[in-house]
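Reader: I would like a close look at one part of this model. Please keep the answer in plain words and explain the terms as they come up.

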Amino acid sequence: MTGTVSSPASFAARQRLSPAMISNPEEAQGPIDLAVLCVKARDTAAALAQARGLREQIQVVLSLQHSISKEDELARWIGAGRVISRCI
C-alpha cells in the first residue's frame with residue numbers, strides 16, 4: 001500500500017475554516033456549530049435572552065466564564081448535552 005500520511009498539523013493547515021464571528025444575534029445565518037459565551041456570569045441571563053431566537057440553530061455552547069453556577073443555567077436554556085463549560 002502506498003500513499004502519503006499527513007500529520008495532524010499539516011491537515012489542519014490545509015483546512016480553511018472561515019468562522020462567522022458576530023456580536024449581534026440578528027447577524028446570524030444558518031446553523032451555528034459552536035456559540036461561545038464570554039460574558040460576566042451576572043450577564044448570562046441577558047445574553048441568553050438576546051440569543052433566544054438562535055437556540056434551535058445552535059449545536060453546542062462553549063462557556064468561558066468565571067462561575068461554577070452558569071452550567072445549570074445553560075443546561076436549562078439549551079440542554080446539558082449541548083454545553084461545554086470551563087471556569088476561567
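Which residue follows α3, and is its phi positive or negative?

Author: The residue after α3 is G79, and its phi is positive, near 110°. The rest of this answer places α3 in its surroundings.

Some ground rules come before the details. This is a predicted model, in which local features need pLDDT of at least 70 and side-chain atom pairs count only at pLDDT 80 or more, while totals for chains, interfaces and linings use all residues. Residues are numbered from 1 along each chain as its sequence is written, and side-chain values use heavy atoms, with hydrogens and water left out.

The chain contains 3 helices and 3 strands, arranged along the sequence in the pattern α-β-α-β-α-β. Helices here are DSSP runs of H or I with at least four residues, strands are runs of E with at least two, and both are numbered from the N terminus.

Helix α3 covers residues 70-78 and carries the chain from β2 to β3 in a right-handed β-α-β crossover. Right-handed means that, with the strands pointing away from the viewer, the path from the first strand over the helix to the second runs clockwise. The two strands that α3 connects run parallel and are joined by 5 bridges (strands count as paired if DSSP finds at least two bridges between them). Across this pairing, Q65 stands opposite C87 in β3. On its other pairing, β2 meets β1 in the parallel sense, also over 5 bridges, and A35 stands opposite V61 in β2. β1, α2 and β2 form a right-handed β-α-β unit as well.

Now the helix itself. K70, L74, W77 and I78 of α3 are buried, where buried means under 20% relative accessible area, exposed means over 50%, and partly exposed lies in between (1.4 Å probe, protein chains only). These residues are on the same side of α3 because they cover an arc of only 70° around the axis; the arc is that of the directions from the helix axis to the C-beta atoms. D72 and R76, on the other side of α3, are exposed. The cover over the buried residues of α3 includes β1, α2, β2 and β3.

Three of these buried residues, L74, W77 and I78, are among those with the most contacts inside the largest nonpolar core, which has 14 residues. Such a core is a set of buried Ala, Val, Leu, Ile, Met, Phe, Trp, Tyr and Cys residues joined through side-chain atoms within 4.5 Å. β1, α2, β2 and α3 each supply at least two residues of this core.

I32 is another of the residues with the most contacts in that core. Leaving out residues up to four places away in sequence, I32 touches L54, Q57, I58 and Q59 (contact means heavy atoms within 4.5 Å). L54 sits in the loop between α2 and β2, and counts as buried because its relative accessibility is 10%.

A word on confidence: pLDDT, the predictor's confidence in each residue, runs from 0 to 100. The chain averages 79, and 80% of the residues score at least 70. Among the elements, α2 has the highest mean, 91, and helix α1 the lowest, 53. Over residues 1-6 the pLDDT is below 50, and this stretch has 1 contact in the model beyond near neighbours in sequence.
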